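Let's take a friendly walk through this protein, from its helices to its charged pairs. Please keep the sequence and the 3D view open as we go.

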Amino acid sequence: MNAPLPVEVLKQHLIDPEICIRCNTCEETCPVDAITHDSNNYVVDPEICNGCMACVPPCPTGSIDNWRLVVRAEAYSVQDQLGWEELPQDKPLPVDAAAAGEGGQPMPAPQAESGLAQAVAVTAAAPGAAVPPWSAAHPYVNLYTHKTPITATVVGNYRVTGVDTESDIHHIVLDFGEQPFPVLEGQSIGILPPGVDAQGRPHHARQYSLASPRDGERAGYNNLSLTVKRVTQDHGGAAAHGVCSNYLCDLAKNDTVQVIGPFGHTFLMPNHPQANLIMICTGTGSAPMRAMTERSRRLIGTADIGKLMLFFGARTERELPYFGPLMKLPRDFIDINLALSREPGQPKRYVQDLIRERAAHVRGLLADRNTCIYVCGLKGMEVGVLDALRDVVVQSGEDWSILHDALRREGRLHFETY
Ligand code: FAD
């Protein structure tokens, strides 16, 4: 009689639908296109995933870091996962499979467990770092989840772009009262908009970057601010009503909001004296730059602050959030470079044009290992910014790929685009 065939065990990679905030980072990061999504869930295809772990460090919530030992032939299919509202319980393996799983080799085994060293190694192809700067403060993440959100009260909501422009961007201040909600500049939060989607399910959370520093929108208060653009068109320009952005922009003082998070453990500012910041942003990508700038400004006179250089892109001055307060900052504190692409009577300029124009200064800062670079805004800006940084470095006869690797390895180059 033939011996029974050995049962193949799979360490199946799954995403927790209750924690995932559908930010698309995993799908973008996956080098083998194993991650896909529909309007309900982000899921991992067991036929394609090779357990390389590249998607794990960039995930802001940790929802990606879930694994189940299953018999390969009974792996959860993409279709199964798309229908989930929560992860299934662990299923006991059959005895022969369990033995294979413990003593044998579950296939595919993840190539590395999560951790900073592995993060650096496995995400080498990503444009930015998967680790924070060495001197960053330790962030708290996931203190509040979909199941345990925190209630914040709106204490301010006003428009920060010209009323005659198409770009309706709001500065929204949320107060947490006596409830702990510790945050750092560069982190984001999730907002749970009320109501249900077309399928009758509660809306999923949307993510928003903090626009205020760690000690509050108003120093010493347990509050924070957001910079929210009202979405009235989709990315293709067709009319669309953004669920969460419209909800937020229409909030009145004293309204309450359900919040989850905080999220983000890498896009964090350095904490050591003489650390320099190069900040490159467009539109609402200015939120984390405002937070970092304000943190630095509050340290004036108490700490040895490095150089701040800002590249800020918008169509016109009136569409640039926080234009007035920004222009009042002392020039010896921050070097401001505005790139306006549709200002009447002025040539079109984008942030990458200004980076090239200011090559000598940018190069000087890049040569200093105390410099960290932050890029935030539209997804499309990544390539242009990287090309401009490369040109600036190559012009001086240096090797961009060596510097780029060092910037990623040392947690000195960070992207947050959406
Ligand atoms: P939805 O109802 O989700 O979408 C409506 C339609 O608009 C869809 O067709 C959708 O594809 C399209 N759409 C979605 N977003 C945009 C957009 N930004 N521009 C044009 N079309 C869009 N947004 C901010 O305003 N400020 C922030 O600080 C901010 N920070 C973010 C940080 C991270 C890490 C991420 C991942 C996203 C961030 N966003 C930010 C985007 C935000 O999470 C929402 O995606 C955005 O507000 C749209 O949500 P909505 O519910 O209004 O639109």
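## The buried side of H11

Which residues of H11 are buried? In this predicted model, the buried residues of H11 are Trp-400, Leu-403, His-404, Ala-406, Leu-407 and Arg-408. Their cover includes H9, strand E14 (371–377), H10 and strand E15 (413–417).

Just after H11 comes Gly-411. The phi angle of Gly-411 is positive, near 65°.

## How H10 meets H11

Two helices that pack together are described by the angle between their axes and by the distance between those axes. For helix H10 (residues 381–395) and helix H11 (residues 400–409), the angle is about 125° and the axes lie 9 Å apart. Because roughly perpendicular ends at 115 degrees and roughly antiparallel begins over 145, H10 is oblique to H11. Their crossing is right-handed.

On the H10 side, the contact involves Leu-386, Leu-389, Arg-390, Val-393 and Val-394, and these meet Trp-400, Leu-403 and His-404 of H11. By residue class, this contact of H10 with H11 comprises six nonpolar residues, one polar and one charged. Trp-400, Leu-403 and His-404 also appear among the buried residues of H11.

## How H9 meets H10

H10 has a second helix to look at, namely H9. What angle do H9 and H10 make as they pack? The angle is about 85°, with the two axes 10 Å apart. H9 and H10 are therefore roughly perpendicular to each other.

From H9, the contact draws on Ala-359, Val-362, Arg-363 and Leu-366, while H10 supplies Leu-389, Val-392, Val-393 and Gln-395. The residues of this contact of H9 with H10 again fall into classes: six nonpolar, one polar and one charged. Leu-389 and Val-393 of H10 take part here, and Leu-389 and Val-393 also belong to the contact with H11.

## Salt bridges

How many salt bridges does the structure hold? There are 25 of them. One joins Arg-358 to Asp-335, with 2.9 Å between the closest N and O atoms. This pair links distant parts of the chain, 23 residues apart: Arg-358 sits in the loop between helix H8 (351–357) and helix H9 (359–366), and Asp-335 belongs to strand E13 (residues 334–340). Arg-358 counts as buried because its relative accessibility is 19%, under the 20% cut-off. Asp-335, at a relative accessible area of 22%, is partly exposed.

Another salt bridge pairs Glu-357 with Arg-349, whose closest N and O atoms are 2.6 Å apart. Arg-349 is partly exposed, its relative accessible area being 26%. Glu-410 and Arg-412 also meet through their side chains in a salt bridge of 2.8 Å, N to O. Arg-412 counts as buried, at 5% relative accessibility. Elsewhere, Arg-159, Asp-168, Arg-230 and Asp-250 are joined into one network by salt bridges that share partners.

## Around Tyr-350

Where does Tyr-350 lie? Its place is in the loop between E13 and H8. With a relative accessible area of 40%, Tyr-350 is partly exposed.

Leaving aside residues up to four places away in sequence, Tyr-350 touches Ala-339 and Ser-341. Along the chain, Tyr-350 and Phe-311 are 39 residues apart, yet 9.2 Å separates their C-alpha atoms.

Methods:
Residues are numbered from 1 along each chain as its sequence is written. This is a predicted model: local features need pLDDT of at least 70, side-chain atom pairs count only at pLDDT 80 or more; totals for chains, interfaces and linings use all residues. Side-chain values use heavy atoms; hydrogens and water are left out. Axes are lines fitted to C-alpha atoms, for helices over the stretch in contact, and angles run from 0 to 180 degrees between N-to-C directions. Helices (H or I, at least four residues) and strands (E, at least two) are DSSP runs, numbered from the N terminus. Angles under 35 degrees count as roughly parallel, over 145 as roughly antiparallel, 65 to 115 as roughly perpendicular and the rest as oblique. A crossing is left-handed if the near helix is turned anticlockwise from the far one by less than a right angle, and right-handed if clockwise. Contact means heavy atoms within 4.5 Å. Ala, Val, Leu, Ile, Met, Phe, Trp, Tyr, Cys and Pro count as nonpolar, Asp, Glu, Lys and Arg as charged, and the others, Gly among them, as polar. A salt bridge is a side-chain nitrogen of Lys or Arg within 4 Å of a carboxyl oxygen of Asp or Glu. Buried means under 20% relative accessible area, exposed over 50%, partly exposed in between (1.4 Å probe, protein chains only).
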